[in-house]
Amino acid sequence: MATRYGASFEEIAALLASWGEPAYRARQVWDGLYRRRAPLEDLTDLGVGLRARLAEALPPALTARHTSTADDGETLKWLWAGADGASVETVLMRYRDRATVCVSTQAGCAMGCTFCATGQAGFERHLTPGEVVEQVARAQHSSSQRVGNVVFMGMGEPLANYDATWAAVVRLHDDLGLSARHITVSTVGVVPGMRRLAREHLPVTLAVSLHAPDDALRDELVPLNRRYPLGEVLDAAGEYLAASGRRLSFEYAMIGGVNDAPAQADALARRLRGFSPAAHVNLIPLNPTPGFGAPASPPRRVAAFAERLRAGGVAATVRRNRGTEIDAACGQLRTRHAAGADSGRSAPVTMGPRRGGS
Ligand code: SAH
Ligand code: SF4
């Protein structure tokens, strides 16, 4: 069965036509769901009967299982269940005049990054395009601010679920009206996917999760590095930069005593300097997870690392560690919820885009 945000315009038009509805109805429904971003239930121009019929024929793909809020309601997190019970999580970050949504592309993740809660829990299944788009639409329904940014930084590796990810990107751009540069796809370095992305027609923003300046350490933190080593990942990032003209983001989780030494900052700067000024490193203090022993780098160490990168010619930002928020869609909610210990106001976490960035 088609789902509410999985159905295409043509499918909705055919459905309405089969009920004997006039042709303009399809546009009305589509504009309501996407251009106006309204819940189906609120499309009052359709009439109660038709809305009820549509609601039944086009059910949502996700059921809210648990929600939590932090920061006086400015940050909301959902744990959803797919029709088969698969766990999906989404984070909405509201700012003064706009909002950002962080979406998942898979239930779980097969990449096994050692420090990541999602990676520790393993892979459940790919999400469908409709499930990805629905995360954004339903987050928008809970936000008076317009969702202007979507980051693919929730659970899962977007480029390991390429077709669904790209179909969702196109729907968010063409129908929900997001600009390509306000859509950020984050990858751990799936090189063939990065190359494919470089050939697409929409220049989305690419974020590459590095976490180490050399292969020996990256092999340990990011098992995929053994297949696609750092040099290849950076080559593919360069290809993307050349094709898209978009500044590259590099994500780096700061892990105390593991990847936060001054010499490691120098080594990272040497590797990234060639991209300057078109590269930007986001330093994210590690969000400690039960399955990974190392601590977060202390703030002073993070600041020093950033300074060293800048001295080496590479732009760097320390992401604020939003201690009162709950925005790490890196499997933390699911983990805590499964353990029966979700408290709503929880651990210091740092997923998502730069505060105030766009
Ligand atoms: N799979 C993709 C996107 C989802 S993860 C990727 O890895 O890029 C989104 C971001 O959260 C990545 O940069 C990832 O490295 C980071 N992340 C995962 N676990 C984390 C943790 N425990 N602390 C800090 N950042 C983490
Ligand atoms: Fe998967 Fe990204 Fe977590 Fe690695 S960091 S396990 S790629 S979600």
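In which loop does valine 314 lie? In this predicted model, valine 314 is placed in the loop that runs between α11 (299–311) and β12 (315–318). The relative accessible area of valine 314 is 2%, and the residue therefore counts as buried, the limit being under 20%. Apart from neighbours within four places in sequence, the contacts of valine 314 are Ala269, Leu272, Arg273, Ser276, Val281 and Leu309. Aspartate 266 is 48 residues from valine 314 along the chain, and a distance of 10.0 Å separates the C-alpha atoms of the two residues.

The model also holds ligands. Around ligand 1 there are 19 residues, of which Gly156, Ser186, Ser209, His211 and Asn287 come nearest. The shell of ligand 1 comprises 8 nonpolar, 9 polar and 2 charged residues. Polar side-chain atoms of three of the residues named above were examined against oxygen atoms of the ligand. For serine 209, such an atom lies 2.6 Å from an oxygen atom of ligand 1. For serine 186, the distance from a polar side-chain atom to an oxygen atom of ligand 1 is 2.7 Å. Histidine 211 likewise has a polar side-chain atom 2.7 Å from an oxygen atom of ligand 1. Ligand 1 exposes 530 Å² when taken alone, and 94% of that area is buried by the protein.

Ligand 2 is surrounded by Cys109, Met111, Gly112, Cys113, Cys116, Gly119, Gly156 and Val188. In the shell of ligand 2, 5 residues are nonpolar and 3 are polar, with no charged residue. Gly156 is listed around ligand 2 and is also among the residues that come nearest to ligand 1.

Note on methods
Residues are numbered from 1 along each chain as its sequence is written. Chains are lettered from A and ligands numbered from 1 in the order in which they are written. This is a predicted model: local features need pLDDT of at least 70, side-chain atom pairs count only at pLDDT 80 or more; totals for chains, interfaces and linings use all residues. Side-chain values use heavy atoms; hydrogens and water are left out. A residue is near a molecule or strand if one of its heavy atoms lies within 4 Å of it. A polar contact is a pair of N or O atoms within 3.5 Å; within protein, one must be able to donate a hydrogen and the other to accept it, and residues adjacent in sequence count only if both atoms are side-chain atoms. Accessible areas come from the Shrake-Rupley method with a 1.4 Å probe; for residues, only the protein chains shown count as cover. Ala, Val, Leu, Ile, Met, Phe, Trp, Tyr, Cys and Pro count as nonpolar, Asp, Glu, Lys and Arg as charged, and the others, Gly among them, as polar. Helices (H or I, at least four residues) and strands (E, at least two) are DSSP runs, numbered from the N terminus. Buried means under 20% relative accessible area, exposed over 50%, partly exposed in between (1.4 Å probe, protein chains only). Contact means heavy atoms within 4.5 Å.
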